[in-house]
Amino acid sequence: RGGTTTQAMLYDPIAGLFKALPALTATAANGASLHPIYQGPMQGKILVIHGGATTTTSVFDPGTATFAAGPNLTSSANAGGHAFATGKGTIVCVLAGGSSMATSVYDMNSNSFSAGPNLTDNAGAGSKTFPVTSGTQNGKFITMHGNTVSTTSLFDPADSSYTTGPALPSGVAAGTNFLAVTTGAS
């Protein structure tokens, strides 16, 4: 649950109800995001980046329905912060906040963060990343910078680097999202 709270909830699809979970280890706020951990000592757990201009994270254990403190980011996450798995045992966290090109990279095998490559422009509210699944950039990821700009960065997991991506027809801001189109000409 975002805002200025440590509250978390779980949806039970069988009962069709939400139930309260134990508290996060810190407040979840603007720029909070989460991602499943699919290998290493935390496999099967979920990494929660708290946002709110902090470096704190929690790790959720679905088996016990509890949160524990996770490793700290290398810099603060804020508005537009989000994360994506590279397929190489790492999760790139776009830290965002309106005046940041910084990323922090989570290594699933060591359960730790290191400073990641910089984006090619500042990221902020509305920043999102999606995978490229065909064409000449297949296997890479496009980060829309948000912050009402039309620039993007292209992440290559082969060498963990960003280059300038294609320009958007207009700038994106808070509330931006995307949906994969799996058939047709698009």
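Let me start with one pair of residues: L34 has V48 as its bridge partner in β4. I should say at once that this is a predicted model, and that what follows is read from that model.

The strand that carries L34 is β3, residues 33-36, and along β3 the side chains alternate, with S33 and H35 pointing to one face, where they are buried, while L34 and P36 point to the other and are not. In general terms, side chains in a regular strand alternate between the two faces of the sheet. The pairing between β3 and β4, the latter covering residues 46-49, is antiparallel and runs over four bridges. On from there, β4 pairs with β5, residues 57-61, again in the antiparallel sense and over four bridges, and within that pairing I49 finds its bridge partner in T57 of β5.

Taken as a whole, these strands belong to an open sheet of four, in the order β3-β4-β5-β6, paired antiparallel. The edges are formed by β3 and by β6, residues 66-69, each of which pairs on one side only. From one strand to the next, the twist averages 25°.

Now, where does the salt bridge sit? It joins the side chains of D61 and K45, with 3.8 Å from N to O. Since D61 lies in strand β5 and K45 in the loop between β3 and β4, the pair ties together parts that are 16 residues apart in sequence. K45 itself is partly exposed, at a relative accessible area of 23%. A search of the whole structure finds one salt bridge, and the D61 and K45 side chains meet in a salt bridge.

Let me turn to the second sheet. This is also an open sheet of four strands, ordered β7-β8-β9-β10 with antiparallel pairing. At its edges stand β7, residues 82-85, and β10, residues 112-115, each with a single partner strand, so that one side of each is left without a neighbour in the sheet. Neighbouring strands of this sheet are turned by 25° against each other on average, with direction ignored. Looking at one pairing in detail, β7 and β8 are joined in the antiparallel sense over four bridges, and A83 has C93 as its bridge partner in β8.

C93 brings me to the packing, because C93 is, together with L47, I49, L73, I91 and Y106, among the residues that touch the most other members of the largest nonpolar core, which has 15 residues. Both β4 and β8, residues 90-94, supply at least two residues each to this core. Apart from that core lies another, of ten residues, among them V94, V105, L119 and A123. Y106 deserves a closer look: leaving out residues up to four places away in sequence, Y106 touches I37, M42, L47, P71, G89, T90, I91, N111, S112 and F113.

Finally, let me go to T176, in the segment after β14, which spans 161-164. Is T176 buried or exposed? Its relative accessibility is 15%, and T176 therefore counts as buried, the cut-off for that being under 20%. A polar atom of the T176 side chain lies 2.6 Å from the backbone oxygen of A173. Beyond its neighbours within four places in sequence, T176 is in contact with G126, K128 and M144.

Conventions: Residues numbered from 1 in each chain as written. Predicted model: local features only at pLDDT ≥ 70, side-chain atom pairs only at ≥ 80, totals over all residues. Heavy atoms only, no water. Buried < 20%, exposed > 50% of the residue type's maximum accessible area, 1.4 Å probe, protein only. Polar contact = N/O pair within 3.5 Å; in protein donor to acceptor, adjacent residues only side chain to side chain. Contact = heavy atoms within 4.5 Å. Pairing = 2+ DSSP bridges. Axes fitted to C-alpha atoms, helices over the stretch in contact; angles between N-to-C directions. Core = buried A, V, L, I, M, F, W, Y, C linked by side-chain atoms within 4.5 Å. Salt bridge = Lys/Arg side-chain N within 4 Å of Asp/Glu carboxyl O.
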